[in-house]
Amino acid sequence: MYSPEIVIEALLNGLMLGAIYALIALGLTLIYGVLHIVNFAHGALLTVAMFAVWVLSARFGMDPYLSIAIVAPLMFAFGYVLQRFIIGPASHGKDNSILLVTLGLSIIIENALLAGFQSDTRTINTDYSFRVVEIGPLLLSFPRVVGLGVTVLTTLLLWLVLNRTDTGKAIRAVAKEKLGASLVGISVPHVYAMTFAIGCACLAVAAGLLMPSFYVSPKTGAAFVLVAFTIVVLGGMGSVPGALIGGLLIGLVEAASGLFFGDSLGQIGIFLIFIVVLLFKPTGLFGVQQ
Amino acid sequence: MTGRGLLPVAAAVAVLAVIPFLGISGSLLNLMIFMMIIALAAQGWNVLGGYGGLSSFGHAAFFGVGAYAMAILQARYGLNAWLALVIGIALGALFGAFIGFLSFRSGLKGSYFALVTLAFAEVARILANSANFTGGAAGTILNLQSGVAFLQFADRRVFLLVVLAFVAIGLLATWWLEHSRFGAYLVALRENDQAAQALGVDVFTVKLKAIALSAALTAASGCLYAQDYLFVDANIAFGSWISIEALFAAIVGGAGTVLGPLIGAIVLLGLGELTKGLSGGIPGLDLLVFGVILVLCVAFSPNGLVTLLRRLGIERRGFPAKTAKEA
């Protein structure tokens, strides 16, 4: 059996990876909470952000953490345009159509990246990619410690935006009562697009945090998309605290099952949780009964 | 009413049966076989997604069960190919009923149903990729043995006819669906399942039968795929590509119509092949085209190409266009 240090280290590293998962799920759950759509293109949009970070690093030698400052506004704008001018008009407000349009978009994005960048996996080498932080007897991966810190900061920032700004107020109003919000003069398509844009900006932050220790290929996002859905369903569709706790839990589960069953079977734990939650408690831990 | 609707179905099958004997090239023949296999998978998707309104994102689960059953039963247990085909279809239907039982008991529909089917297909993929029974990551190879008993033919046109026969069965099954009480129940619960239930439709049983039929057709497609390529691995059998192509073909052609999936498969794969040829083999470009077509279809012709063609045809002859409800 493993020594307790190895188990605790693995679980802590899993917890910190879970924080980045949570950041990805945060955008997904926010979009669901306001627009009531399952954004199937979320994984593909993460891949776009990761490629953007990679290009900035490979072409201009920019540090992946610093590149968030450029990629986040770009992803914000991209998300806004996507929702306002493509997803919204093309789906005529029908649930099933939205699902199909976002599925179509994910295929388009994934394969456009495949045509542009080929299927090679790409990494960024920084001098801190493999650095470890020593805390007592424990060795923790430096990029993951940073990931945890930045996730907490981003969540706080998001909370401030949602609770302390007019845009945030409008977003919460539309989430609660769409018709009422539009009656008092809030432009619902604009708020939808803003929400989608914020979700995409979260992805940019996640991309910057992932790239120093992870790789990107056109298919990378697809690997994250089911994990992100699992987190969102586990935490409760539309619930922000649910996404955070769900993310940390999933990180733990992945680390534990990876440790005991090996990497290839490790993912099964996540999907089984997903299926069980969907079948027996589709509202998740913090979701509201629809 | 009864016999007339079958005329276009018979015509389509007859045309497709004649084409291979017009001296087409080997690669075109291969493309046709592949088109028919995807059409069959899409017909399966259409029963549940088109008529029942339950969009599955994981029909690979049924395709894969069929493909693996075909491969393992023959390669490992030396079973007769036709028997393996029947068992493969039955196992697919059973797996469909199993997933359906769990999901419909919990009342899953819409995006929740789409996600849970996707997760089932992924679990199947990971298990097939690591179990010894399926040949693990190396996959399972079928022996090359020519002969009717082995469902392998020296003349590939014969194999095309076999696949086409299954597509014809799929067309007939869908046509039956449109004219049977069962199909009417299914459409009723698509439009409003609470109202259907209030009127006395046993919603759970109808959905269960629909997913079993849907899975059986897609499993048959998986069986024929394995038989055609004589090789199966987890990423082929349970990969998301087949879930996506089955769904795309049905929706682009016209979900909830008899000929839609067949037309969708021919149009999509034809365009995909054309893109591959024109672009000189840039990877992913054909799928990119699929995605664009899907989004355009949902935006401008939500009822698919079939309805679009029908509308154009009727309008030209001076009749008012059929609305989606009537069609």
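How much area does chain A expose, and what share of it do carbon and sulfur atoms supply? Chain A exposes about 12,300 Å², and carbon and sulfur atoms supply 68% of that. Keep in mind throughout the tour that this is a predicted model.

**Stop 1: chain A as a whole**

Select chain A and colour by secondary structure. You should find eleven helices and four strands. The radius of gyration is 19 Å, close to the 19 Å that the globule rule gives for 290 residues, so chain A is as compact as a globular protein of that length. If you turn the C-alpha trace along its principal axes, chain A spans about 60 × 45 × 35 Å.

Now colour by burial: 54% of the 290 residues of chain A count as buried. For contacts between residues at least 6 apart in sequence, 77% join residues at least 24 apart. Then show the charged side chains. Chain A carries 13 positive and 12 negative ones, with the centres of the two sets 14 Å apart.

**Stop 2: along helix H1 of chain A**

Select A:Thr29, which sits in helix H1. A:Thr29 counts as buried, with a relative accessibility of 0%. To see what surrounds it, show its contacts beyond four places in sequence: A:Val232, A:Gly236, A:Met237, A:Gly238, A:Ser239, A:Val240 and A:Ala243.

**Stop 3: the loop after H1**

Move on to A:His36, in the loop between H1 and H2 of chain A. Check its backbone here: A:His36 has a positive phi of about 55°, although it is not a glycine. Its relative accessibility is 36%, which counts as partly exposed.

Next, select A:Asn39, in the loop between helix H1 (4-35) and helix H2 (42-60). Is A:Asn39 buried or exposed? A:Asn39 counts as buried, at 1% relative accessibility; the cut-off for buried is under 20%. Setting aside neighbours within four places in sequence, A:Asn39 is in contact with A:Leu28 and A:Ile31, with A:Leu45 and A:Thr102, and with A:Phe196 and A:Phe229. For a longer view across the chain, draw a distance from the C-alpha atom of A:Asn39 to that of A:Val184, 145 residues away along the chain, and you should read 28 Å.

**Stop 4: A:Phe196 and the nonpolar core**

One of those partners of A:Asn39 is A:Phe196, so select that residue now. Beyond four places in sequence, A:Phe196 has contacts that include A:Ile31, A:Leu35, A:Ile37, A:Leu45, A:Gly79, A:Leu82, A:Gln83 and A:Ile87.

In soluble globular proteins, nonpolar side chains tend to be buried together. In this model the largest nonpolar core has 202 residues. Which of its members touch the most others? Select A:Leu45, A:Leu46 and A:Phe196, together with B:Met36, B:Leu224, B:Phe248 and B:Leu262. Then highlight helix H2 (residues 26-51) of chain B, which gives this core its largest share, 17 residues.

**Stop 5: a second positive phi in chain A**

Before leaving chain A, select A:Gln118, in the loop between helix H4 (95-117) and strand S1 (122-123). Phi of A:Gln118 is near 60°, a positive value in a residue other than glycine. With 38% relative accessibility, A:Gln118 counts as partly exposed.

**Stop 6: chain B as a whole**

Switch to chain B, where you should count 14 helices and two strands. Its radius of gyration is 19 Å, close to the 20 Å that the globule rule gives for 327 residues, so chain B is as compact as a globular protein of that length. Along the principal axes, the C-alpha trace of chain B spans about 55 × 50 × 40 Å.

Colour this chain by burial too: buried residues make up 54% of its 327 residues. Of the contacts in chain B between residues at least 6 apart in sequence, 78% join residues at least 24 apart. A surface view of chain B exposes about 13,700 Å², with 67% supplied by carbon and sulfur atoms. Chain B has 18 positive and 13 negative side chains, and the centres of these two sets lie 6 Å apart.

**Stop 7: B:Gly135**

Finish at B:Gly135, in the loop between helix H5 (110-130) and strand S1 (140-141) of chain B. B:Gly135 is partly exposed, with a relative accessible area of 25%. Not counting residues up to four places away in sequence, B:Gly135 touches B:Arg76 and B:Thr140. Last, draw a distance to B:Asp233, 98 residues apart from B:Gly135 along the chain: their C-alpha atoms are separated by 7.9 Å.

Notes: Residues numbered from 1 in each chain as written. Chains lettered and ligands numbered in written order. Predicted model: local features only at pLDDT ≥ 70, side-chain atom pairs only at ≥ 80, totals over all residues. Heavy atoms only, no water. Rg over C-alpha atoms; globule rule 2.2 N^0.38 Å. Buried < 20%, exposed > 50% of the residue type's maximum accessible area, 1.4 Å probe, protein only. Contact = heavy atoms within 4.5 Å. Areas by Shrake-Rupley, 256 points an atom, 1.4 Å probe, with all protein chains shown as cover. Lys, Arg positive; Asp, Glu negative; His and termini not counted. Charge placed at Lys NZ, Arg CZ, Asp CG, Glu CD. Core = buried A, V, L, I, M, F, W, Y, C linked by side-chain atoms within 4.5 Å.
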